[in-house]
Structure formats: C-alpha cells, structure tokens
Amino acid sequence: MPGQMTLADGVRLRVRPIVPADREPLADAFDRLSDHSRRQRFLGPKPRLSTRELDYLTDVDHVTHEALVAIDETTGQIVAIGRYATGSGGGVVADMALAVVDPWQRRGIGHALALRLFERARANGITRLTGTALADNRRVRSLLDRLGFRVRSVAAGVVEVELDVPRPAPPRPRYRCAPRASGSSSRELRASLANTRVR
C-alpha cells in the first residue's frame, strides 16, 4: 500500500511497508534519534539496535506484524516508522508503536502513520490495539488521546493504553437531481419538499 503523505508545509513523504532491505536505513534512522527520543520510544536507555532486533523489525509478515515507513523523497532517508505486532501466537490484539526522527517531530507524521496502521490492522482482522508510553511523555500521551486510546493502567511511571480499532466512516449517499417539473407538478414538488424533514 505505497502512498504519499503531504505535510502542512507542503513537504511530501513517501509511505510504504517496510522490507528486509530496510535494515541499514532503519539503523540509520535509529542513529538520528536523540537519546531522549530513544528513551521515550523504548521506555529506557537504548544506545543501539542489535542484529537480531534489526532482523525482527524489518522482516515482517505484514499481517500479524506490520510496519510502515515514511521516507523523505529528497534524501531517501526514513524519517518515521509506525508498527503493530501481535504476540507470537497471533490473535486479534496487537501492540502499536511510533517513532519520528527528531527534526521531523511535531509535524503530524505520527498521527498520519497511526491512521494508516488502523487501516492495515482492520484489514488484517486486528480488533484492538494497545500501547505504552512514559507517564511524563506528554506529547505522545496527547497524540494517543487524540487518536482515541483510553488509559488502561498507570504503574511505575508507564501508562498502558488501548483502543478498539475504529471502523471506517460510512460513505456519504449520493443523490441524483430529479427531472425539472413544470406547471402544477412543479408547485406540488416544491410543496412536498417544503414539508419534508431530514431525520
């Protein structure tokens, strides 16, 4: 499901599912995260990603484990990643996480990636998403609140949240214009419309 994301300032990012060949670009994106951002994403110090972690994070089945990357088309660099993953046995509940490289934060990328993850989760039969955030991470907690997540628990400085995967909005009905009436028929049509209430 490749696509584009246009930011408020007009900058366009390419969004696509992650692939195994993204191991080095993902490692580079991790290196461009500040220590503070790494702590917020991994709930503690995280100086590097191991070879095993890079394999896990990039070699996904796109069903029980999905990951989407946002790419700066001018540099080809990954600037953000969003993912969900179920437990080892699969199931209909998955944990969701987002990370945005520091210079790209506060530009709506995390919110836009989350909405795309909702679509993928729904298409793959995931009915509930969970997540964790440090209690002092006000920015991420505000994002989760806007996305509709509810707090499940707070303990040891960590907030656990959950969300029933939202269904897509129903399409708006399309109305066709009735043929133009003339004479008394036209007057009757106007009278009929005037007495019609929208329920």
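Hi everyone, let's start with a pair of strands: strand 2 and strand 3, residues 65-72, pair in the antiparallel sense over five bridges. Before I go on, please keep in mind that this is a predicted model. If you want a spot to find on your screen, look for Arg16, whose bridge partner in strand 3 is Val69.

Strand 2 has another partner too. Strand 1, residues 3-6, runs antiparallel to strand 2, residues 12-17, and four bridges join them. Here you can look for Gln4, which stands opposite Arg14 in strand 2. The hairpin that these two strands form has five residues between the strands, and Gly10 takes a positive phi there, near 95 degrees.

Let me step back to the whole chain for a moment. The protein chain has six helices and eight strands. Reading from the N terminus, the order is β-β-α-α-α-β-β-β-α-β-α-β-β-α. There are 199 residues in the chain, and buried ones make up 36% of them. As for contacts between residues at least 6 apart in sequence, 58% join residues at least 24 apart.

Now back to strand 3, where I'd like you to meet Asp72. Is Asp72 buried or exposed? Its relative accessibility is 10%, and buried means under 20%, so Asp72 counts as buried. Which residues does Asp72 touch, once we leave out those up to four places away in sequence? They are Leu13, Gln77, Val79 and Trp104. Asp72 also shows how the fold brings distant parts of the sequence into view together: Val15 is 57 residues away in sequence, with 9.3 Å between the two C-alpha atoms.

Next, the nonpolar core. The largest one has 48 residues, and the members that touch the most others are Ile109, Leu129 and Phe149. Helix 4, residues 109-123, is the element that gives the most to this core, with seven residues. Take Ile109 as an example: beyond its neighbours within four places in sequence, Ile109 is in contact with Met5, Leu7, Leu13, Ala70, Ala80, Val100 and Trp104. You may recognise Leu13 and Trp104, which Asp72 touches as well.

So much for the filled parts; what about the empty space? Rolling a probe the size of a water molecule over the atoms shows where empty space is left. How many cavities of 30 Å³ or more does a search of the whole structure find? The search finds one, and about 180 Å³ of space lies in it. Its lining has 16 residues, with Leu26, Leu33, Phe42, Ile81 and Ala99 lying nearest the centre. Helix 1, helix 2, strand 4 and strand 5 each give two or more residues to that lining, and strand 4 gives the most, with five. By class, the cavity lining holds 14 nonpolar and two charged residues, with no polar ones.

Last stop, the largest pocket. This one contains about 870 Å³ of space. The pocket is lined by 39 residues, and those nearest its centre are Leu98, Ala99, Asn137, Val140 and Leu143. Helix 2, strand 4, strand 5, helix 4, strand 6 and helix 5 each contribute two or more residues to the pocket lining. Here the classes are 18 nonpolar, 12 polar and nine charged. If you'd like one residue to click on at the end, try Ala99, which lies among those nearest the centre of the cavity and also among those nearest the centre of the pocket.

Thanks for listening!

Note on methods: Residues numbered from 1 in each chain as written. Predicted model: local features only at pLDDT ≥ 70, side-chain atom pairs only at ≥ 80, totals over all residues. Heavy atoms only, no water. 1 Å grid on protein atoms, 1.4 Å probe; cavity = no way out; pocket = protein on both sides within 12 Å on 5 of 7 lines; lining within 4 Å. Points joined across faces, edges and corners; volume = space filled by probe spheres on them. Nonpolar A, V, L, I, M, F, W, Y, C, P; charged D, E, K, R; others polar. Pairing = 2+ DSSP bridges. Core = buried A, V, L, I, M, F, W, Y, C linked by side-chain atoms within 4.5 Å. Buried < 20%, exposed > 50% of the residue type's maximum accessible area, 1.4 Å probe, protein only. Contact = heavy atoms within 4.5 Å.
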